[in-house]
Amino acid sequence: MIPSSLPPDFIPFNRPHLAGPELEYIRQAVAAGKLSGNGWFTQRCQQFFEQQYGMVKALLTTSGTDALEMAALLLNIQPGDEVIVPSYTFTSTANAFVLRGARIVFADSRPDHPNLDLAQVEALITPRTRAIVPVHYGGTACDMAGIMALAERYTLWVVEDAAQAIEATYQGRPLGTLGHLGAFSFHETKNLSAGEGGMLAINDPILAARAEILWEKGTNRAAFARGEAARYEWVDVGSSFLPSELNAAYLWAQLEHRQAIQQRRRQLWEAYAAALVPLAAAGCFQLLPVSAEGQQNWHLFALLCHTEAERDALLAHLRTRNILAVFHYLPLHSSPYYTARHDGRALPHATRFGQTLVRLPLYHDLQPEQQQRVTEAVESFYRYPGRLPSS
Ligand SMILES: *Cc1c(COP(=O)(O)O)cnc(C)c1O
């Protein structure tokens, strides 16, 4: 056993879980004699998404980061191109395009939610703008109708960062299938996991054939395997984006059990809401609104504190009770890497979410009594004399 130094009553922020047949499927992949990419489990997963989600093509990748990098390659993003990305997101959303030499034009969040504020996006578009990358924070849909209309008007690509948004919808359609491309993550902390893993959804048929080539190191291997090419050769740029069958086998087990997985997350999310809505109503903190235009996927449960100092004190309070809650993201426009490259605009909402947002532990095997410990710890922090904000 890998030793653990954590106290026995420690509540981690996240914990991976087995839906059931993961280890058996990994055994089957070994027995089938193919552990490299694009084997039976990979194809099973990809077919599932193409058929159930309506993607033109689904390609598993080694991470969500990789899916975004593949998207940037596929769209031929060049040095000097501009890409509009929310500042309040994970580094990978921006890095994928920075790696191609693009300049990132950061968009602010909505006042009430980390998702990008569409009302401010049009003013950021210039003749060099090539793409918009909306991030569906916590599986809550961005205004995709508005984003796609804007993209059409200015002839821009839309790459959805749906890393947190598996199984969530917008107007009845899966997030990640509305833009030209959609990037998903199957990282350990996401709803469905492969340990590390991701997927690029190709929703525009124009991009499908080339996507398969970039995915397999710039070769026509996939077409050759289907008997569509006479020779297996180097035909374009590319990289090794495809995951091992070990990861795909784990993912397939999770996909088969996605309803039970989602059901459990929903129960946990609703239990947090039931316990914490009264405290939010009393002014202790704010909760994030859900979208009326889509169904979220219960990926995360977040609180917004009044100040950064209050946020840090709350995290420390939880930590003394052996509960690990976390904050994120330090806005990318003011990061050590990008500040000097940023155009200087203040992005107050992204900055505020970076200072005040707290994510509570939310994972499949979180037990009711553990969850109660978390909500009681939050409550005790705000009940402590002098902590409740004066009204
Ligand atoms: C998790 C995540 C990623 C990166 O996914 P990985 O699979 O960890 O590489 C990208 N964007 C967002 C918004 C994420 O939450």
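Is Asn-38 buried or exposed? Asn-38 counts as buried, because its relative accessibility is 18%, and buried means under 20% relative accessible area, with exposed over 50% and partly exposed in between (1.4 Å probe, protein chains only).

Okay, some ground rules before we go on. This is a predicted model, so local features need pLDDT of at least 70 and side-chain atom pairs count only at pLDDT 80 or more, while totals for chains, interfaces and linings use all residues. Residues are numbered from 1 along each chain as its sequence is written, and side-chain values use heavy atoms, with hydrogens and water left out.

Back to Asn-38. You'll find it in the loop between H1 and helix H2 (40-53); helices (H or I, at least four residues) and strands (E, at least two) are DSSP runs, numbered from the N terminus. Its phi is near 60°, a positive value in a residue other than glycine. Trp-298 has a positive phi as well, near 55°. That residue sits in the loop between strand S10 (286-287) and strand S11 (302-304), and at 9% relative accessibility Trp-298 counts as buried. Why point these out? Because most residues other than glycine have a negative phi, and most peptide bonds are trans. On that second point, have a look at His-328 and Tyr-329: a cis peptide bond joins them, with omega about -25°. Tyr-329 lies in the loop between H10 and helix H11 (348-356).

Next up, salt bridges. We call it one when a side-chain nitrogen of Lys or Arg is within 4 Å of a carboxyl oxygen of Asp or Glu, and the count comes to 18. Take Glu-24 and Arg-27, with N to O at 3.1 Å. They are three residues apart in helix H1 (residues 22-32), so about one helical turn separates them. Glu-24 is partly exposed at 34% relative accessible area, and Arg-27 is partly exposed too, at 48%.

Now for a pair that links distant parts of the chain. Glu-212 forms a salt bridge with Lys-57, with the closest N and O atoms 3.0 Å apart. Glu-212 is in helix H6 (residues 208-215) and Lys-57 in strand S1 (residues 57-61), 155 residues apart. Both of these residues are buried.

Arg-311 is a fun one. Its salt bridge with Glu-308 has the closest N and O atoms 3.7 Å apart. The two are three residues apart in helix H10 (residues 308-320). Arg-311 is buried at 2% relative accessibility, whereas Glu-308 is partly exposed at 38%. Arg-311 also lies over the face of Phe-327, at 3.9 Å from the ring centre; the rule is NZ of Lys or CZ of Arg within 6 Å of the ring centre and within 35 degrees of the ring normal.

Last topic: aromatic pairs. Rings of Phe, Tyr and Trp (its six-membered ring) pair if their centres lie within 6.5 Å; planes under 30 degrees apart are stacked, over 60 edge-to-face, and the rest tilted. That gives 19 pairs. Phe-48 and Phe-49 have ring centres 5.2 Å apart and planes at 85°, so they are edge-to-face. Both are buried. Ring pairs also link Phe-48, Phe-49, Tyr-53, Phe-186 and Trp-252 into a cluster.

That's my tour, thanks for listening!
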